[in-house]
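User: Pick one part of this model and take me through it closely. I'd like one connected story that I can follow with the structure open beside me.

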Amino acid sequence: MLIKRPPDIPSSEITDQSLYFSRREFMAAAGALIAGSAGRRFEGSVAAPGSTNRRAVEPSNRQSVDANDTPTPYEDVTTYNNFYEFGTDKSDPAKHAHTLKARPWTLRVEGEVHQPRTWDVEEILKDFPAEERIYRHRCVEAWSMVIPWGGFELGKFLKRSEPTSFAKYVEFTTLHDRKQMPGQRSGVLPWPYVEGLRMDEAMHPLAILVTELYGKPVPSQNGAPIRLAVPWKYGFKSIKSIVRVRLVREQPLNTWNVVAPHEYGFYANVNPAVDHPRWSQKRERRIGELFKRPTLLFNGYGEQVASLYAGMDLRKYF
Ligand SMILES: Nc1nc2c(c(=O)[nH]1)N[C@H]1C(S)=C(S)[C@@H](COP(=O)(O)O)O[C@H]1N2
Ligand SMILES: [Mo]
């Protein structure tokens, strides 16, 4: 099987801004602790291209975004993508994902639940209205963006199906359809794409199911009609175009770990101290910016999520 891997990231860096940024991030985290809400720190309104009826966002629902975190332009978020079902170049999904039929769409919840259910995506939209969450999005390839997602808490959705006490992990599966997803005719990855989370990670309020981007239905190249966003983890955990969610007893497989287990782990927490075998994870290039910036442990969400990993060796469980 041919395995095409992401290209290496050149390690040249123009200047060292780590002191400045780490202090700024520290101040932001301290501010969040004191204020107990991120609402005051993100006052800027985000223009949604062509957007209608955007919901007002309660300050308490705005997730910790540094005042200096400027959302990445819609154009970049929708033309620089990883979605191997439509090709391996960053520009492929925007060009080819129009073959995806996002309606009708069903999402099956099954496994260790008392109430398995097949949802029509329209029912999901009705029962779980999207709220805006502006999240940092960090690919394992050392680029990043800041994305105004619209979505709802994965945990609230899972609770609807009443997980049993045996549910220890959640497994997610992308649509498998070579007609709609021509990239699945190639052997570049084993299909369908699968991902997984530990149950406590899945129940964390920062983990969301995304249905909107910039206040509009999430475009096909970004994972229509419903995809995951787990902002403290590398982007590959945030599986797109999900058709099945299964609660399971054992740690599920995840696609990139199957393909290259030494390079991609199950946990995939953003961690500047654990390099990818072929490049550093200490810095990242935010799309649209000239200078690299230091990568933050847990992508800057440590205040919220570090306790999930208390006592774990993050080098071993990378
Ligand atoms: N089904 C599926 N989901 C996927 C991928 C993929 O190839 N197929 N790529 C992942 C990777 S590596 C990243 S970085 C993010 C990219 O999300 P974005 O294109 O919306 O920025 O999607 C993730 N989810
Ligand atoms: Mo990625």
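Analyst: Contact here means heavy atoms within 4.5 Å. Let's use it on Gly 151, which sits in strand S4; helices (H or I, at least four residues) and strands (E, at least two) are DSSP runs numbered from the N terminus. This is a predicted model, where local features need pLDDT of at least 70 and side-chain atom pairs need 80 or more, while totals for chains, interfaces and linings use all residues. Residues count from 1 along each chain as its sequence is written, chains are lettered from A and ligands numbered from 1 in written order, and side-chain values use heavy atoms, without hydrogens or water.

Gly 151 has a relative accessible area of 1%, so it counts as buried (under 20% relative accessible area with a 1.4 Å probe, protein chains only; exposed is over 50%, partly exposed in between). Skip its neighbours within four places in sequence, and what Gly 151 touches is Pro 129, Ala 130, Glu 131, Leu 209, Val 210 and Thr 211. Two of the strands that pair with S4 account for several of those names. Strands pair when DSSP finds at least two bridges between them.

Take the S7 side. S4 and S7 run antiparallel to each other, with five bridges, and the bridge partner of Gly 151 in S7 is Val 210. Glu 212 is 61 residues along the chain from Gly 151, yet their C-alpha atoms are 6.3 Å apart. S7 (residues 208-213) is mostly covered, with six of its six residues buried.

S7 has further partners. With strand S9 (residues 227-229) it forms three bridges in the antiparallel sense, and there Leu 209 stands opposite Leu 228. With strand S8 (residues 216-217) the pairing is again antiparallel, over two bridges, and Glu 212 has Pro 217 as its bridge partner. Two residues separate the strands in the S7–S8 hairpin, where Tyr 214 takes a positive phi near 50 degrees.

Now the S3 side. S3 and S4 are antiparallel too, over eight bridges, with His 137 bridged to Met 145 in S4. Seven of the eight residues of S3 (residues 131-138) are buried, so the strand is largely enclosed by the rest of the structure. This hairpin has four residues between its strands, and Ala 142 has a positive phi near 80 degrees.

Have a good look at that turn, as Glu 141 is found in the loop between S3 and S4. It counts as buried because its relative accessibility is 3%. Its side chain makes a polar contact with the side chain of Asn 82 at 2.8 Å (N or O atoms within 3.5 Å, one able to donate a hydrogen and the other to accept it; sequence-adjacent residues count only if both atoms are side-chain atoms). Another polar contact, of 3.2 Å, joins the side chains of Glu 141 and Lys 90. Ser 280, 139 residues away from Glu 141 in sequence, is 9.3 Å away in space, C-alpha to C-alpha.

The end of S3 leads to another buried side chain. Arg 138 makes a side-chain polar contact of 2.9 Å with Thr 295, which lies in the loop between strand S12 (293-294) and helix H8 (302-305). Thr 295 is buried because its relative accessibility is 5%. Besides Arg 138, and not counting residues up to four places away in sequence, Thr 295 touches Val 270, Pro 272, Gln 281, Lys 282, Arg 283 and Glu 284.

S4 also helps line a hole. The whole structure holds four cavities of 30 Å³ or more; a cavity is a set of points on a 1 Å grid where a 1.4 Å probe fits but cannot get out, and lining residues have an atom within 4 Å of a point. Points join across faces, edges and corners, and volume is the space filled by probe spheres set on them. The largest cavity is about 380 Å³. It is lined by 27 residues, and those closest to its centre are Asn 82, Phe 83, Tyr 193, Gly 235 and Phe 236. So you meet Asn 82, the partner of Glu 141, again. Strand S4 (residues 143-153) gives the largest share of the lining, four residues.

Finally, the wider setting. The chain has eight helices and twelve strands, and 54% of its 318 residues count as buried. Of the contacts between residues at least 6 apart in sequence, 72% join residues at least 24 apart.

How values were computed. On a 1 Å grid over the protein atoms alone, a cavity is a set of points where a 1.4 Å probe fits but cannot get out, and a pocket is an open set with protein on both sides within 12 Å along at least five of seven lines; lining residues have an atom within 4 Å of a point.
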